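Student: Please pick one side chain and look at it closely, then work outwards from there. I would like the cut-offs behind each term as you go.

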Amino acid sequence: MNLTLSGMAEEVLRTADGREKTALSHKYAAMWREARAGGTPIPLGTANPPMQPARPEKPELLNPRDVPKRKPGSPEGRKAILHAIAHIELNAVDLHWDIVARFTDIDMPLGFYDDWVKSADEESKHFNLVCDRLEAMGSFYGDLPAHAGMWRAAEDTAQDIMGRLAVVPMVLEARGLDVTPGMIRIFQNARDPETVAALEVIYAEEVGHVAYGAKWFNFLCGRQGIDPKDEFHALIRRYFPGGTKPPFNEEKRAEAGLPPDFYWPLADELPPAWS
């Protein structure tokens with residue numbers, strides 16, 4: 001069997017069960033790292049990634065407005081928060097493998113693939129950390145309905161690598177930097193140190209994922225001789241109107257290479273249109 005990185009990525013995308021998907025993700029990330037360290041990188045190859053990744057039968061996917069509201073003060077509410085995070089992390093695994101598989105026609109340094117394989121590997125860890133906490137609470141991923149709109153950003157940017165970088169790491173994952181501290185406080189108040197520890201791991205590593213997005217977005221803008229800020233604004237207005245909303249975690253966004261003049265001019269500019 002002649003393994004290629006894009007073929008490995010496609011196999012992850014076509015694996016439905018969350019635990020199986022993340023186990024395969026960990027396996028292939030380790031193989032990529034080992035080959036890179038040995039100076040014999042696995043060929044990129046080409047793949048035919050599905051427009052939508054394989055998913056388990058549960059959770060039921062609902063329109064965002066139909067997902068029941070969470071009340072964080074109760075144990076059931078905290079389970080619902082963790083279920084929503086698990087859903088986000090599983091989508092993130094696929095989003096990062098999808099960017100590896102989908103854009104091999106674009107000449108990119110191997111460091112581009114290093115970064116997204118590492119991100120996919122970390123998102124796989126995040127999914128399992130949250131699933132472990134759910135199971136410790138007597139629940140599991142698939143026990144509750146979830147947001148059906150998570151993959152739309154990938155579909156909308158399937159032909160546009162710069163749009164993908166702008167929307168996924170630089171908007172969606174940056175939003176995670178804004179909201180995670182509040183979720184950590186909820187579980188601190190609930191005296192749940194195990195969940196706090198899991199969320200702190202996620203919070204620290206997501207900064208890197210946003211940073212990879214900003215780095216490669218700026219790289220492509222530099223290659224084309226275009227202004228990154230103006231291009232970011234144009235792409236978000238096109239693909240994700242209403243996608244940047246305060247409050248912003250300006251410290252962590254800056255740490256990830258996202259300056260305020262990227263996102264503040266878009267704040268409250270347009271009504272929310274993505275769901």
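Tutor: Arg 253 is buried, its relative accessible area being 3%. Buried here means under 20% relative accessible area, exposed means over 50%, and partly exposed covers the range in between, with a 1.4 Å probe and protein chains only. The model is predicted, so local features need pLDDT of at least 70 and side-chain atom pairs count only at pLDDT 80 or more, while totals for chains, interfaces and linings use all residues. Residues are numbered from 1 along each chain as its sequence is written, and side-chain values use heavy atoms, with hydrogens and water left out.

The side chain of Arg 253 meets that of Asp 178 in a salt bridge, at 2.7 Å from N to O. The term requires a side-chain nitrogen of Lys or Arg within 4 Å of a carboxyl oxygen of Asp or Glu. Asp 178 belongs to helix α6 (residues 161-189) and Arg 253 to helix α9 (residues 250-255), so this pair ties together parts that are 75 residues apart in sequence. Helices (H or I, at least four residues) and strands (E, at least two) are DSSP runs numbered from the N terminus. Asp 178 also counts as buried, at 14% relative accessibility. Elsewhere, Arg 19, Asp 132 and Glu 135 are joined into one network by salt bridges that share partners.

The structure holds 20 salt bridges. In one of them, Arg 36 pairs with Asp 114, and the closest N and O atoms are 2.7 Å apart. Arg 36 sits in helix α2 (residues 18-37) and Asp 114 in helix α4 (residues 110-136), so here too a pair ties together parts of the chain, 78 residues apart in sequence. Both ends are partly exposed: Arg 36 has a relative accessible area of 29%, and Asp 114 has 24%.

The salt bridge between Glu 76 and Lys 79 (3.3 Å, N to O) stays within one helix. Both residues lie in α3 (residues 75-102), three residues apart, about one turn of the helix. An α-helix has 3.6 residues a turn, so residues three or four places apart point the same way. Glu 76 is exposed at 53% relative accessibility, whereas Lys 79 is buried at 15%.

Helix α3 also leads to the largest pocket, since α3 gives the most to its lining, with 14 residues. A pocket is found on a 1 Å grid over the protein atoms alone: an open set of points where a 1.4 Å probe fits, with protein on both sides within 12 Å along at least five of seven lines; lining residues have an atom within 4 Å of a point. The largest pocket holds about 1600 Å³ of space, a volume being the space filled by probe spheres set on the points, which are joined across faces, edges and corners. Its lining has 50 residues, and Arg 70, Ala 84, Ile 88, His 147 and Met 150 lie nearest its centre. Helix α6, the helix of Asp 178, is among the elements that each supply at least two residues of this lining. The lining divides into 27 nonpolar, 11 polar and 12 charged residues. Ala, Val, Leu, Ile, Met, Phe, Trp, Tyr, Cys and Pro count as nonpolar, Asp, Glu, Lys and Arg as charged, and the others, Gly among them, as polar.
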